[in-house]
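Biologist: Please take me through the fold of this protein, one question at a time. I should like each answer to end on the item requested.

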Amino acid sequence: LSIYFIDLKGINMFRTGSPVKGTYFIDRKKHLPIFKEYLNNNQHVMIKAPRRFGKTSLIKQVFEHEKSYVYIYVDLRRATNLKSLANQIIEKAYAFAGIDNFFYTLKKSITGLLKSIQNVKIDDIGEVTLKFLENDEFDEIEYFLHSLEVVEKIAIKKEINIKFVFDEFQDILRISDNFILEQLRSIMQHHEKVTYIFLGSIETIMTKIFEDKTSSFFHFARVMQLEGLDIKELYEYTRNVFDSLDVKYDNSLIMLLEFLKGHPDYSMQVLQSIYFKIKIDNLKEINEILCIDNLKIVIDENRAYLEELILKAKQKKYHYEVLYCIANKLSTELNPKTLYSVHSSLEDMGLIKKLDRAEYIINDIFLNIILQQKDDEYISISNLEKLS
């Protein structure tokens with residue numbers, strides 16, 4: 001596996017704001033090979049990583065760009081309840097059977113839809129789907145579990161293995177109670193033609209679901225922890241871009257990337273900001289001042305998002321105070337029981353991560369800077385290590 005390069009003239013190589021694939025995807029040499037092996041062997045997989053860490057980009061690269069597998073992708077953040085989630089699944093599953101726009105067809109002509117279902121001849125699964133939809137008071141849980149059975153039955157009929165991606169899987173507990181996990185496991189464990197991939201950004205909750213011995217999903221899927229981009233890999237990619245523009249650079253560039261710790265989204269944002277500055281001002285050198293100025297710009301551009309995280313912490317008692325203490329390596333006066341409770345809550349909010357006993361870090365490196373920073377002068381190449 002290698003990094004993809006193309007003719008760079010007039011093209012911004014540092015894409016941000018949405019999942020990337022193809023030319024804009026920097027290969028994850030540590031993650032892609034094992035992930036593909038799992039898929040090739042129909043092994044269920046759970047991938048956990050903080051928000052904006054490239055989980056969806058990894059999926060899009062493998063499933064959309066390389067087009068190596070037949071798949072269904074659903075994002076649980078878009079689901080308001082189990083019914084809406086099941087509708088997403090039903091719509092996509094029947095498309096594999098040649099029935100496109102399932103719900104539009106249902107609304108237009110239930111008789112026409114029934115004929116299409118009968119022509120597919122997938123046992124009586126289609127008729128069961130219609131019975132659910134004809135009843136306004138059907139059980140949402142049963143309907144959701146049925147939608148998964150539809151995927152399995154269609155995969156068997158079409159003699160294919162369908163890769164099923166649940167993005168932000170921990171949100172299943174937002175739209176249902178914990179018992180849904182036991183019910184899901186009871187259905188999924190019997191599926192032979194569907195391989196499940198679970199993505200999650202709240203690592204503590206994903207860990208409880210898949211790695212806690214008391215959980216229904218314990219040992220159901222192989223666990224992958226998605227770390228930041230490899231710094232050397234990212235540096236080579238970055239050098240290739242700037243070399244093509246005949247731009248010189250000093251050690252401040254690699255120091256900047258090391259400070260960003262391979263964070264996919266933030267690294268691309270800062271590099272894109274530098275790239276635009278070079279193109280607009282026709283610069284021929286990347287130095288410490290340019291790196292720091294653009295780092296400040298990107299932090300400021302993310303300020304609304306960061307302040308939203310801070311506001312969420314402030315809405316819970318002691319949470320902001322503990323967050324501030326972690327960022328600034330200060331002790332608190334909270335009693336151990338209260339401090340443990342706040343730490344656990346901040347973990348479940350995805351704001352901090354436990355490294356060791358009584359040792360935590362802020363997940364978001366820019367949030368860490370905002371919590372530490374006292375003025376703009378505090379950010380410089382010489383003290384980036386202090387900020388990290």
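**Sheet, helices and confidence**

Modeller: In this predicted model, helix H10 (residues 203-211) lies across E1, E4 and E5. Its direction is at about 160° to E1.

Biologist: Which helix lies across E1, E3, E4 and E5, and at about what angle does that helix run to E5?

Modeller: The strands concerned include E1 (45-48) and E4 (194-200). The helix that lies across them, and across E3 and E5, spans residues 32-40. This is H1, running to E5 at about 160°.

Biologist: In what order do the strands of the open sheet stand?

Modeller: The sheet is open, has 5 strands and shows parallel pairing. Its order is E2-E3-E4-E1-E5.

Biologist: Why is one side of E2 and of E5 left without a neighbour in the sheet?

Modeller: E2 covers residues 70-75 and E5 covers 222-225. Both stand at the edges, so one side of each lacks a neighbour in the sheet, and the reason is that each has a single partner strand.

Biologist: What is the average twist from one strand to the next?

Modeller: The value is an average taken from each strand to the next. In this sheet the twist averages 15°.

Biologist: How many bridges join E2 to E3, and which residue in E3 is the bridge partner of tyrosine 71?

Modeller: E3 comprises residues 162-167 and runs parallel to E2. The two strands are joined by 6 bridges. For tyrosine 71, the bridge partner in E3 is lysine 163.

Biologist: Are H5 and H6 roughly parallel or roughly antiparallel?

Modeller: H5 (residues 110-120) packs against H6 (residues 125-134) with the axes 9 Å apart and an angle of about 155°. Angles over 145 degrees count as roughly antiparallel. The relation of H5 to H6 is therefore roughly antiparallel.

Biologist: Which residues of H6 meet H5?

Modeller: On the H5 side, the residues are Ile110, Leu113, Leu114, Ile117 and Gln118. By class, the contact of H5 with H6 holds 5 nonpolar, 2 polar and 2 charged residues. From H6 come Gly126, Glu127, Leu130 and Glu134.

Biologist: Is the crossing of H11 and H13 left-handed or right-handed?

Modeller: The axes of H11 (residues 231-244) and H13 (residues 264-281) come within 12 Å and cross at roughly 15°. H11 is therefore roughly parallel to H13. Their crossing is right-handed.

Biologist: How many charged residues are in the contact of H11 with H13?

Modeller: H11 contributes Leu234, Thr238, Val241 and Phe242, while H13 contributes Ser267, Met268, Leu271, Ile274, Tyr275 and Ile278. These divide into 8 nonpolar and 2 polar, and the number of charged residues is none.

Biologist: Which residues of H9 meet H7?

Modeller: The axes of H7 (residues 140-158) and H9 (residues 179-188) come within 10 Å and cross at roughly 30°, and the two are therefore roughly parallel. H7 offers Ile141, Phe144, Leu145, Leu148 and Glu149. The residues of H9 that meet them are Ile180, Gln183, Leu184, Ile187 and Met188.

Biologist: Over which residues is the pLDDT below 50?

Modeller: The protein averages a pLDDT of 86, and 88% of the residues score at least 70. The stretch below 50 has 30 contacts in the model beyond near neighbours in sequence. Where pLDDT is low, the predicted coordinates should not be read in detail. The stretch in question is residues 1-11.

Notes: Residues numbered from 1 in each chain as written. Predicted model: local features only at pLDDT ≥ 70, side-chain atom pairs only at ≥ 80, totals over all residues. Heavy atoms only, no water. Pairing = 2+ DSSP bridges. Helix = DSSP H or I, 4+ residues; strand = E, 2+ residues; numbered from the N terminus. Axes fitted to C-alpha atoms, helices over the stretch in contact; angles between N-to-C directions. Contact = heavy atoms within 4.5 Å. Parallel < 35°, antiparallel > 145°, perpendicular 65-115°, else oblique. Nonpolar A, V, L, I, M, F, W, Y, C, P; charged D, E, K, R; others polar. pLDDT = per-residue confidence, 0-100. Left-handed = near helix turned anticlockwise from the far one by under 90°.
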